[in-house]
Amino acid sequence: MKVVGSMIIGYLVGLVGSLITKLSNKLGKDPTIETIIILLTGYFSFNLVEAYFAWSGVISCAITGIVLNHYAFYNISTRGKIVSKYVTNLLSTIAENILFIMFGLTFFNNKTEAVDWSLIC
């Protein structure tokens with residue numbers, strides 16, 4: 001039930017985010033606002049499911065991203081699409097680099113267990 005509930009909430013939050021991007025076009029096509037709406041929709045989906053339901057926020061965020069890609073893609077301006085693409089690529093690269101730095105530091109600073117190199121060689 002937790003997985004299905006996370007998917008349903010992710011789908012609903014994605015639809016609301018798509019509706020917000022559609023309504024924001026009437027206010028003016030600002031690529032910064034469009035990008036912020038898209039990023040905060042995924043963040044809101046993750047926090048909603050994790051905090052209030054204690055379900056999987058990752059699944060909810062992934063479903064929200066799929067729905068936003070399907071529906072909100074047509075609601076944002078051309079500049080908004082370009083800015084969103086570059087901002088998400090930048091954030092994913094930064095997160096990936098931080099993750100690999102943390103893995104590397106953990107591997108070389110782990111002094112609690114001896115590494116058996118015979119398994120590797």
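Me: How are α1 and α2 oriented relative to each other, roughly parallel or roughly antiparallel?
Reply: The general idea is to compare the directions of the two helix axes, and an angle over 145 degrees counts as roughly antiparallel. In this predicted model, the axes of helix α1 (residues 2–24) and α2 come within 10 Å and cross at roughly 150°, and α1 and α2 are therefore roughly antiparallel to each other. Their crossing is right-handed.

Me: Which residues of α1 and α2 meet?
Reply: Among those on the α1 side are Ile9, Gly10, Val13 and Gly17, and the α2 side includes Ile37, Thr41, Phe44 and Leu48. When the residues of this contact are divided by character, 9 are nonpolar, 7 are polar and none is charged.

Me: Is Thr41 buried or exposed?
Reply: One reads this from relative accessible area, where under 20% means buried. Thr41 has 8% relative accessibility, and so it counts as buried. Thr41 is found in helix α2, which covers residues 31–53, and, leaving aside its neighbours within four places in sequence, it is in contact with Val13, Gly17, Thr64 and Leu68. A polar atom of the Thr41 side chain also lies 2.6 Å from the backbone oxygen of Ile37.

Me: Where does Gly57 lie, and what does it touch?
Reply: Gly57 lies in helix α3 (residues 57–71), and it is buried, because its relative accessible area is 0%. If residues up to four places away in sequence are not counted, Gly57 touches Phe46, Val49 and Glu50. The C-alpha atoms of Gly57 and Ile9 are separated by 9.8 Å, although these residues are 48 residues apart along the chain.

Notes. Residues are numbered from 1 along each chain as its sequence is written. This is a predicted model: local features need pLDDT of at least 70, side-chain atom pairs count only at pLDDT 80 or more; totals for chains, interfaces and linings use all residues. Side-chain values use heavy atoms; hydrogens and water are left out. Helices (H or I, at least four residues) and strands (E, at least two) are DSSP runs, numbered from the N terminus. Buried means under 20% relative accessible area, exposed over 50%, partly exposed in between (1.4 Å probe, protein chains only). A polar contact is a pair of N or O atoms within 3.5 Å; within protein, one must be able to donate a hydrogen and the other to accept it, and residues adjacent in sequence count only if both atoms are side-chain atoms. Contact means heavy atoms within 4.5 Å. Axes are lines fitted to C-alpha atoms, for helices over the stretch in contact, and angles run from 0 to 180 degrees between N-to-C directions. Angles under 35 degrees count as roughly parallel, over 145 as roughly antiparallel, 65 to 115 as roughly perpendicular and the rest as oblique. A crossing is left-handed if the near helix is turned anticlockwise from the far one by less than a right angle, and right-handed if clockwise. Ala, Val, Leu, Ile, Met, Phe, Trp, Tyr, Cys and Pro count as nonpolar, Asp, Glu, Lys and Arg as charged, and the others, Gly among them, as polar.
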